[in-house]
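I opened my notebook to get to know a new structure. Here is what I looked up, entry by entry, for anyone meeting this protein along with me.

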Amino acid sequence: MGPEHTEDLVPTGGEDGDTLTTELLLPGVDPFHDAPADLAMLAPGTVIRTRRVRLGFLGLVPQRRLRAWQIAYRSTSLHGEPELAVSTVVVPGGAQRRTPRGLIGYQCAIDAVSDRCFPSYAMRAGARPWGALPQFEVILVAALLARGFAVSIADHEGQAGSFAAPREPGYRVLDGLRAALAVPALGLDPELRMGLIGYSGGGMATSWAVEMAGDYAPELPLVGAVLGSPVGDPGEAFLKLNGGPFAGLPALVVAGLRHVYPGLASIVRTHTDVRGVRRLDALERLTTIGAVLRYAFDDFDSYVDAPLADLLATPEVLEVFEDLRLGKHSPACPVLVLQSTNDQVVDVADVDDQVQRYVDHDGEVLYVRDRISEHISLMVLGFPTMLGWLEDRFRAYDEPAPTGVRTTVSVALSPRSWPGFARMGGALGRTVLGLAG
């Protein structure tokens, strides 16, 4: 559990311990995201400041029953340097004010560089980042709350929006869990058990969290992690998506990572023409859906002065691709990996390889492959399966988890999933009406 850095905490007051903050600023200009001068002196997970906020569905429908706080805390960057990170923590509310049955780290599919897409901004009432995926994921957070869990949602890309950067998403997620336990207003039991879940870009961040946990946060009582369609090999994803309908996604990765890998930045400066640099600069301002729509079928080969294949084979680029690849560390807890065999965004072969690397490291892995779905539909069709597995781990955390590889026609056809769809429908209805919580 992270300690409190009390001298920088926001003064408390009001019904739930913190005054509701209504001012809405982008993270890049919001003083809440500013690091204190003594950040390097603090332990990872130390709470720096807190504020109570209101979430909204698509920014338009305030969720007045949800009890949400934002936490600024000390974390660690890709290069091992201290940094300030922010998470949004939501606890079960409503009339019953239930004691949470567990704490779940939910990783959004941020999949962008722009701070408009960070959960700490996009999920708040009044935010209008059209095309930011976390705005839609409020429904899934509401479903977790309805099952009695507290939920921690980290800005896992960091303040620079380094989409697909390795390791550091895990640090931010894990430190966010530490910090949540240290905020008195949340009232979380210090012994509360924890789980992790995320899909697509959120599944990639969850993968990093479960891989980093063993060394970085061994004290956290993780019972299980769900990796939904994780991007197990972002380098391979770049090769396969470039020039296709989802070409904007690998372009977003390059736009962000050029700021954290000097070798990649040098390749971009040396070999990319003015149009290509302007493209990358523009991508940093776009939401995920905006980038996908604007740059569909765009080809990096059109913006460089050498064959793209030659540039991708340079030591600077190969080093980045190798660094991004998941599966080099054993998961710190049992994991469920869910993947569509017909996924048009994340190739099933890359997820197969990630799972095999986990197995080679003696990880406890249940890998479920779905034949009917594709990337977008599986997030919805597979959520009851993902949540059901995670609930099983909270109930039977001291028992061996199921392992192996299963390929099914559709996880949605399992009778065990059907009550989950009913609960999701209820969560959707309550969220649309502003009654989630």
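**Entry: a lysine and its partner**

I started with Lys-240, which counts as partly exposed at 40% relative accessibility. I keep in mind that I am reading a predicted model.

Which residue does Lys-240 form a salt bridge with? I found Asp-350, and the closest N and O atoms of the two are 3.0 Å apart. Asp-350 sits in helix H12 (residues 348–360) and Lys-240 in helix H5 (residues 234–241), so this pair ties together parts that are 110 residues apart in sequence.

Is Asp-350 buried or exposed? I noted a relative accessible area of 7% for Asp-350, which means buried, as the cut-off is under 20%. So a buried aspartate is paired here with a partly exposed lysine.

**Entry: more salt bridges**

How many salt bridges does a search of the whole structure find? I wrote down 21, and then picked out a few to visit.

My next stop was Asp-281 and Arg-258, whose side chains meet in a salt bridge at 2.7 Å, N to O. Asp-281 belongs to helix H8 (residues 274–283), while Arg-258 is in the loop between helix H6 (248–257) and H7, so the pair ties together parts that are 23 residues apart in sequence. I looked up the cover of each partner as well. Arg-258 is buried, with a relative accessible area of 11%, whereas Asp-281 is partly exposed at 32%.

Then I turned to Arg-275, which forms a salt bridge with Asp-273. The closest N and O atoms in this pair are 3.4 Å apart. Arg-275 has a relative accessible area of 47% and is partly exposed. Asp-273 counts as partly exposed too, at 28% relative accessibility.

I also came across a network: Asp-233, Glu-322, Arg-325 and Lys-328 are linked by salt bridges.

**Entry: helices that pack**

At what angle do helix H7 and helix H11 pack? I read about 135 degrees for H7 (residues 262–271) and H11 (residues 315–324), with their axes 8 Å apart. That angle makes H7 oblique to H11. I added that their crossing is left-handed.

For a second pair I chose helix H3 (residues 168–181) and helix H4 (residues 201–216), which pack at an angle of about 70 degrees with their axes 7 Å apart. H3 is therefore roughly perpendicular to H4, since angles of 65 to 115 degrees count that way. H3 passes H4 in a right-handed crossing.

**Entry: two serines with positive phi**

Ser-200 caught my eye, as it has a positive phi of about 60 degrees although it is not a glycine. I located Ser-200 in the loop between strand E8 (194–199) and H4. Ser-200 is buried, with a relative accessible area of 9%.

Where is Ser-229 found? I traced Ser-229 to the loop between strand E9 (222–228) and H5. Ser-229 has a positive phi of about 40 degrees, again without being a glycine. At 0% relative accessibility, Ser-229 counts as buried.

**Entry: a patch on the surface**

Next I went to the surface and found a nonpolar patch formed by Phe-136, Ile-289 and Leu-293. Together these residues have about 300 Å² of accessible area. I followed up on Leu-293, which lies in helix H9 (residues 288–294). Leu-293 has a relative accessible area of 66%, so I put it down as exposed, the cut-off being over 50%.

**Entry: distances in sequence and space**

I finished with two pairs of residues. Val-91 lies in strand E5 (residues 82–91) and counts as buried at 2% relative accessibility. How far apart are Val-91 and Leu-433? I noted 342 residues in sequence and 19 Å in space, C-alpha to C-alpha.

Tyr-397 has its place in the loop between helix H14 (383–395) and strand E12 (404–408). At 38% relative accessibility, Tyr-397 counts as partly exposed. Tyr-397 and Ala-217 are 180 residues apart in sequence, and I read 18 Å between their C-alpha atoms.

Conventions. Residues numbered from 1 in each chain as written. Predicted model: local features only at pLDDT ≥ 70, side-chain atom pairs only at ≥ 80, totals over all residues. Heavy atoms only, no water. Patch = residues over 30% accessible without salt bridge, like charges linked within 9 Å, V, L, I, M, F, W, Y side chains within 5 Å. Areas by Shrake-Rupley, 256 points an atom, 1.4 Å probe, with all protein chains shown as cover. Salt bridge = Lys/Arg side-chain N within 4 Å of Asp/Glu carboxyl O. Helix = DSSP H or I, 4+ residues; strand = E, 2+ residues; numbered from the N terminus. Buried < 20%, exposed > 50% of the residue type's maximum accessible area, 1.4 Å probe, protein only. Axes fitted to C-alpha atoms, helices over the stretch in contact; angles between N-to-C directions. Parallel < 35°, antiparallel > 145°, perpendicular 65-115°, else oblique. Left-handed = near helix turned anticlockwise from the far one by under 90°.
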